[in-house]
Protein chains: 2
Amino acid sequence: MDRYSQINESISRYVTFSKEELDILNSQLEYREVPKKTIMLHEGEMCNFEAFVIKGCIRKYYIDSNGHEVILQFAIENSWVSDISFSIYEDRPSHTFIETLEDCELLIFSPESKEELFKQAPRFERAFRILLYRNLSVTQDRLFNTIAKTAMDKYLEFLDHYPSLPQRVAQHYIASYLGISAEFLSKVRAKIAKN
Amino acid sequence: MDRYSQINESISRYVTFSKEELDILNSQLEYREVPKKTIMLHEGEMCNFEAFVIKGCIRKYYIDSNGHEVILQFAIENSWVSDISFSIYEDRPSHTFIETLEDCELLIFSPESKEELFKQAPRFERAFRILLYRNLSVTQDRLFNTIAKTAMDKYLEFLDHYPSLPQRVAQHYIASYLGISAEFLSKVRAKIAKN
DNA sequence: CCAAAACATTGAACTAGGACAAGAAATACA
DNA sequence: TGTATTTCTTGTCCTAGTTCAATGTTTTGG
């Protein structure tokens, strides 16, 4: 069970790659261990990495000028985290943070190494495009849920998708992800517990 | 001013293409006029097109089992609309609709023609990947706004980004896009008018 | 092992926004 | 051109969720 087995399996889910292609992929990745509570990306900085999580948990969040903090993503095992600073709202300073919540083992692309990968093995373009589609699809579903569902429904659905997270991260982070206050999430949970 | 000038300009914004490459792109697109109030994608159907809007306005929306309707996107001139049915929530039937709100002139990819484009001119992979990044970024910003901003702020920001839409589409569609009720949007507008 | 900090719970008072209903205005279309 | 339909506004009442504050619980790290 080497350190690349998870990423190789994950990337092969939608496109099949040869052993040689996977070797090229792996050679472009940098393995890195990051202790918990490390802020990997601060506001204003350009994000110069794309990280695949082998182990651990990371949060990505925005803070607006009024201090509103919203968690946009939890990245756990076998998922990717990065910031795409293409904001259409370029004038409006929306600051993205990326922070480890647990000790993490990561595989990291720099922009250059990803480019190099595509040059040496262009078929990865397709796989990463599909990953991007999935990401967009999940984000759209979340947007829909945020608008159309009650706090209770959102939390139950969250439990479905991230059954391990309530044991792993502080509850107020989950509240922030769901777009509700920490206190109200506590009340929702009390209600669930009663039934 | 031929029918391809807009798409060629739009696609050249982030990657530069030769005349020959653009010719290949154009040859893979089908021009289609669609009258207003046409539902181009019904619930349950697989979306077999990707449409670039030359002229007109389209809405994409979800309806959940409780009848909640949420507009996910307005596609106006020079933007793309399609459905990516990669829903992680595959069990949950989230139905997507795509409907023209005005008479439209479109350029349309089928999945096959897009594949053919990538085969004949692989550099388009990159351009479409960038478009996808932008799309994801916009959706993330919307998610953040939906969670963190008041109805008033959301509407003002909407006016900033889509100044022409209030004159073009019914107000309750805008309310649905913003995730507020039509009545409340009306009250927000009354408040704005008073100042 | 203990103190400090972070986190979670609960309650009470409040508010942004929703649901409903009824009328006014605008649009569509015969 | 007039009628029907859709859209918009405004008011009243209502509720899901917020804010604040106090208390209890767990985690952290020295």
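## How the two copies meet

In this predicted model, the two protein copies share one contact surface: 100% of the interface residues of chain B are also interface residues in chain A, so the copies meet through the same surface. Chain B contributes 31 residues to the contact, and chain A contributes 31 residues as well.

Which elements give two or more residues to the side of chain B that touches chain A? They are β5 (69–75) and α4 (123–148) of chain B. The element that gives the most is α4(B), with 18 residues. By character, the residues on this side of chain B comprise 16 nonpolar, 9 polar and 6 charged.

## The symmetry of the pair

Two copies of a chain are related by a rotation about an axis and a shift along it. Here, a turn of 180° with a shift of 0.0 Å along the axis lays chain B on chain A, and the RMSD is 0.0 Å. This is the relation of a two-fold axis.

## The surface near the DNA

Both protein chains have residues around DNA strand C. There are 15 residues around this strand, and those that come nearest are A:Gln171, A:Ser186, A:Ala190, B:Ser181 and B:Phe184. The elements that give two or more residues to the surface near DNA strand C are α7 (171–178) and α8 (182–194) of chain A, together with α8 (182–194) of chain B.

Which element provides the largest share of this surface? That element is α8(A), which supplies 6 residues. The surface near DNA strand C is made up of 6 nonpolar, 5 polar and 4 charged residues.

## The fold of chain A

Chain A contains 8 helices and 8 strands. Among its contacts between residues at least 6 apart in sequence, 73% join residues at least 24 apart. Buried residues account for 30% of the 195 residues in chain A.

The overall dimensions can be described in two ways. Taken along the principal axes, the C-alpha atoms of chain A fill a box of roughly 55 × 40 × 30 Å. The radius of gyration gives a second description: a compact globule with 195 residues would have a value near 16 Å, and chain A has 18 Å, which agrees.

## Summary

The predicted model places chains A and B in the relation of a two-fold axis, with α4(B) giving the most residues to the side of chain B that touches chain A. On the surface near DNA strand C, the largest share comes from α8(A).

How values were computed. Residues numbered from 1 in each chain as written. Chains lettered and ligands numbered in written order. Predicted model: local features only at pLDDT ≥ 70, side-chain atom pairs only at ≥ 80, totals over all residues. Least-squares fit on C-alpha atoms with pLDDT ≥ 70 in both. Contact = placed C-beta atoms within 7 Å. Helix = DSSP H or I, 4+ residues; strand = E, 2+ residues; numbered from the N terminus. Nonpolar A, V, L, I, M, F, W, Y, C, P; charged D, E, K, R; others polar. Near = placed C-beta within 6 Å. Rg over C-alpha atoms; globule rule 2.2 N^0.38 Å. Buried ≥ 20, exposed ≤ 12 C-beta atoms within 10 Å, placed from the backbone.
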